[in-house]
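Me: I would like a close look at a single part of this protein: the largest pocket and the helices around it. Please keep it plain and define the terms as you go.

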Amino acid sequence: MARAALTTDAVVDVALLAIDEKGPAALTLSAVADRAGVATPSLYKHVRNLAELRDLMSARIMNEIADQVGEAVLGRSADEAIRALMVAWRHYALHHPHRYSALVQTPEPHTAEAGARLINIMLATFRAYGMADSAAIHAARCLRAAVHGFAVLETEGAFGLPEKLDESYDLLVHMMITGLRAPR
């Protein structure tokens, strides 16, 4: 990569490719610089440090998830939208396991906008169940915990029993939908 072509977005691109290849534990500024064909100090023109790079990557990853989830729920409502949302989220985690594991889960300034997009998609799906305000926030937390927890356990190979994971996930989707339909 030519030095003139190096931008903050390009640094994030290179870092994501490095993570895709070797996992988040291998991410260093030196590794990113080597992959970009520049000296490590050249990166400091674009990112302050590794922590900021991780935050920028998380924002990108969160936006990728929001894009896929948003596209999946488009034109759907209620149960169909929840199912599509959960399937799309899991699909992203399974197809980008290293990126997903690199996602910073705490709200950071760089991830706030991307996180808000994803939350707003969830909140919109809950309207079909008559949920708004506090009830919708609680439901979003539960849905996120269910999908994220399953995705992390699955991508890390933590489900060792022989039952099919797709069947377990279908049950989780069913449980979430049933819970959303239940009177409060």
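Reply: What follows goes from the whole chain to the pocket, and then to single residues.

This is a predicted model, in which local features need pLDDT of at least 70 and side-chain atom pairs count only at pLDDT 80 or more, while totals for chains, interfaces and linings use all residues. Residues are numbered from 1 along each chain as its sequence is written, and side-chain values use heavy atoms, with hydrogens and water left out.

The protein chain has nine helices and zero strands (DSSP runs numbered from the N terminus: H or I of at least four residues for a helix, E of at least two for a strand). Its C-alpha atoms fill a box of roughly 60 × 40 × 25 Å along the principal axes. Of its 184 residues, 41% count as buried (under 20% relative accessible area; exposed is over 50% and partly exposed in between, with a 1.4 Å probe and protein chains only).

The largest pocket has a volume of about 350 Å³. A pocket here is an open set of points, on a 1 Å grid over the protein atoms alone, where a 1.4 Å probe fits, with protein on both sides within 12 Å along at least five of seven lines; lining residues have an atom within 4 Å of a point. Points are joined across faces, edges and corners, and the volume is the space filled by probe spheres set on them. The lining has 21 residues, and Met62, Gln105, Gly115, Ile119 and Arg144 are the closest to the pocket centre. Helices α4 (50–73), α7 (109–126) and α8 (133–155) each supply at least two lining residues; the largest share, seven residues, comes from α7. By type, the lining divides into 14 nonpolar, five polar and two charged residues (nonpolar: Ala, Val, Leu, Ile, Met, Phe, Trp, Tyr, Cys and Pro; charged: Asp, Glu, Lys and Arg; polar: the others, Gly among them).

Of these helices, α4 has 24 residues and reaches 34 Å from first C-alpha to last, close to the 34 Å expected (1.5 Å times one less than the number of residues). At its start, a side-chain oxygen of asparagine 49 comes within 3.2 Å of the backbone nitrogen of alanine 51. After α4 comes glycine 75, with a positive phi near 80°.

Within α4 sits serine 58, which counts as buried because its relative accessible area is 0%. Beyond its neighbours within four places in sequence, serine 58 is in contact (heavy atoms within 4.5 Å) with Ala102, Leu103, Val104 and Thr111.

Arginine 99 lies in helix α6 (residues 97–102). With a relative accessible area of 11%, arginine 99 is also buried. Its side chain makes a polar contact of 2.9 Å with that of glutamate 64 (N or O atoms within 3.5 Å; within protein, one able to donate a hydrogen and the other to accept it, and residues adjacent in sequence counting only if both atoms are side-chain atoms). Not counting residues up to four places away in sequence, arginine 99 touches Leu16, Ile19, Asp20, Ile61, Glu64 and Tyr92.

Back at α8, aspartate 133 belongs to that helix and has a positive phi of about 50° although it is not a glycine. Aspartate 133 counts as exposed because its relative accessibility is 67%.
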